[in-house]
Amino acid sequence: MGRVAGFGRVALIVASFPLTVLAVSPTSALAQAWVPPAGVGSVTVAVQDLDYSGHRLTDGTFYPVGGSAHNLIDIEADYAITDRLSVTAAIPFVFAKYVDPNPLPPFVPFLPVDECRCWQSGWQDFGFAARYNIVNGAFALTPSLSVGVPSHEYNFRGEAALGQQLRELRIAVDAGQRLDIISPRLSVQGRYSYAFVERVLDLPNNRSNASLESEFLITRRLAARVLLSWQRVHGGLRLGSPSGIPFPPHGEVNTPERLSEHDRLLRDNNFRLGAGVVYSMLRMDVFASYVELLRGTDTHGGRGITLGVSWPFELGGPRPSP
């Protein structure tokens with residue numbers, strides 16, 4: 001697919017810290033079916049702006065309260081140890097702010113971090129991943145294993161939370177196919193991952209994520225991408241829907257303990273659409289993407305914009321010919 005398609009570092013970022021639904025775990029931006037050769041790596045810095053205009057209830061009804069803004073700077077490093085094995089490390093720095101001029105409904109605690117309408121900031125979760133390529137030709141197949149570990153005890157409550165502060169273990173597989181029969185510039189990739197998430201209040205909260213991405217190489221240096229992503233939480237808490245009232249007696253956030261923990265325990269199911277471009281230069285790649293909610297339940301409604309730069313590097317000299 002050429003240079004643009006070959007580097008996982010310029011993948012679309014569709015979702016990032018666990019609190020949000022527009023954001024992806026840091027390592028997912030590097031989860032690609034095709035892998036770079038041994039000794040090749042990259043350092044990537046991405047800036048993401050997330051705008052949440054309200055919440056979707058359990059029946060999908062939009063509830064326009066609790067608007068917030070979240071910005072993050074994601075720092076990632078990726079390196080191919082062999083032609084098949086690559087490793088990644090990443091951590092985001094998050095800024096969050098409650099922006100709704102009105103307070104939250106009376107049945108929701110209006111916490112100081114939201115009431116002040118001031119920026120909260122801090123490091124979020126360390127992300128580590130390992131990918132092992134099985135097939136790397138016109139068709140590519142690459143399973144991966146990744147973990148997410150909170151960097152410290154940051155705030156996870158309120159609309160201006162920095163994340164969920166939960167440990168995760170994720171298994172995933174990426175598959176890609178170059179569509180030379182249609183155009184040598186066209187490829188598609190699919191991904192499925194399952195996350196084992198740390199339990200809170202003994203409630204299951206594991207998660208499935210799937211995505212489908214199509215890339216078209218417009219020129220030798222410029223590529224355009226379209227991406228669909230889907231998320232399903234296997235457990236979690238439902239806000240409820242009747243009469244537009246999301247909390248007791250209608251929903252599952254029906255005890256003081258669940259109310260205190262609900263920000264990181266919602267059954268956040270969503271379906272999102274994204275598009276982006278990647279431009280490759282001699283010593284760096286620049287990329288941009290836009291992602292928006294199409295459908296969702298027990299989730300935030302809004303959109304995300306990502307801008308980033310990736311610097312490739314190579315350790316060691318060229319390998320001898322066989």
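**Strand pairing, cores and salt bridges in a predicted model**

Strand 11 and strand 12 (residues 222-235) run antiparallel to each other and pair over 13 bridges; two strands are taken to pair if DSSP finds at least two bridges between them. Strands here are DSSP runs (E, at least two residues), numbered from the N terminus. The model is a predicted one, in which local features need pLDDT of at least 70 and side-chain atom pairs count only at pLDDT 80 or more, while totals for chains, interfaces and linings use all residues. Residues are numbered from 1 along each chain as its sequence is written, and side-chain values use heavy atoms, with hydrogens and water left out.

A hairpin of four residues connects strand 11 to strand 12. Across this pair, Leu-212 stands opposite Leu-228 in strand 12. Strand 11 (residues 205-217) also pairs with strand 10 (residues 186-197), again in the antiparallel sense, over 10 bridges. On that side, Ser-193 faces Asn-209 of strand 11.

The two leucines come up again at the surface, where Leu-212, Val-226, Leu-228, Leu-273 and Leu-294 form a nonpolar patch with about 400 Å² of accessible area together. Patches are built from residues with over 30% relative accessible area and no salt bridge, like charges being joined within 9 Å and nonpolar side chains (Val, Leu, Ile, Met, Phe, Trp, Tyr) within 5 Å. The areas come from the Shrake-Rupley method with a 1.4 Å probe, and for residues only the protein chains shown count as cover. Leu-294 belongs to strand 14 (residues 285-297) and is partly exposed because its relative accessibility is 43%. Under the scheme used, buried means under 20% relative accessible area, exposed means over 50%, and partly exposed lies in between (1.4 Å probe, protein chains only).

Turning inward, the largest nonpolar core has 11 residues, including Leu-57, Leu-166, Val-197, Leu-237 and Leu-266. Another core lies apart from it and has six residues, among them Val-94, Tyr-154, Ala-160 and Leu-162. A nonpolar core is a set of buried Ala, Val, Leu, Ile, Met, Phe, Trp, Tyr and Cys residues joined through side-chain atoms within 4.5 Å.

Charged pairs are also found, with 13 salt bridges in the whole structure, each a side-chain nitrogen of Lys or Arg within 4 Å of a carboxyl oxygen of Asp or Glu. One of them joins Asp-174 and Arg-191 (2.8 Å, N to O). This pair links distant parts of the chain, 17 residues apart, with Asp-174 in strand 9 (residues 168-178) and Arg-191 in strand 10. Asp-174 counts as buried because its relative accessible area is 2%, and Arg-191 is likewise buried, at 16%.

The hairpin strands carry a salt bridge too: Arg-225 and Glu-213 have their closest N and O atoms 3.0 Å apart. Arg-225 sits in strand 12 and Glu-213 in strand 11, 12 residues apart. Arg-225 is buried, at 2% relative accessibility, as is Glu-213, at 8%. Elsewhere, Glu-261 and Arg-264 meet at 2.8 Å, N to O, and both are buried. Asp-49, Asp-51 and Arg-303 are linked in a network of salt bridges.

Finally, one disulfide is counted, a disulfide being a pair of cysteine sulfur atoms within 2.5 Å. Cys-116 is joined to Cys-118, with an S to S distance of 2.0 Å, and the link is left-handed, at -75° about the S-S bond. Cys-116 is partly exposed, at 36% relative accessibility, and so is Cys-118, at 30%.
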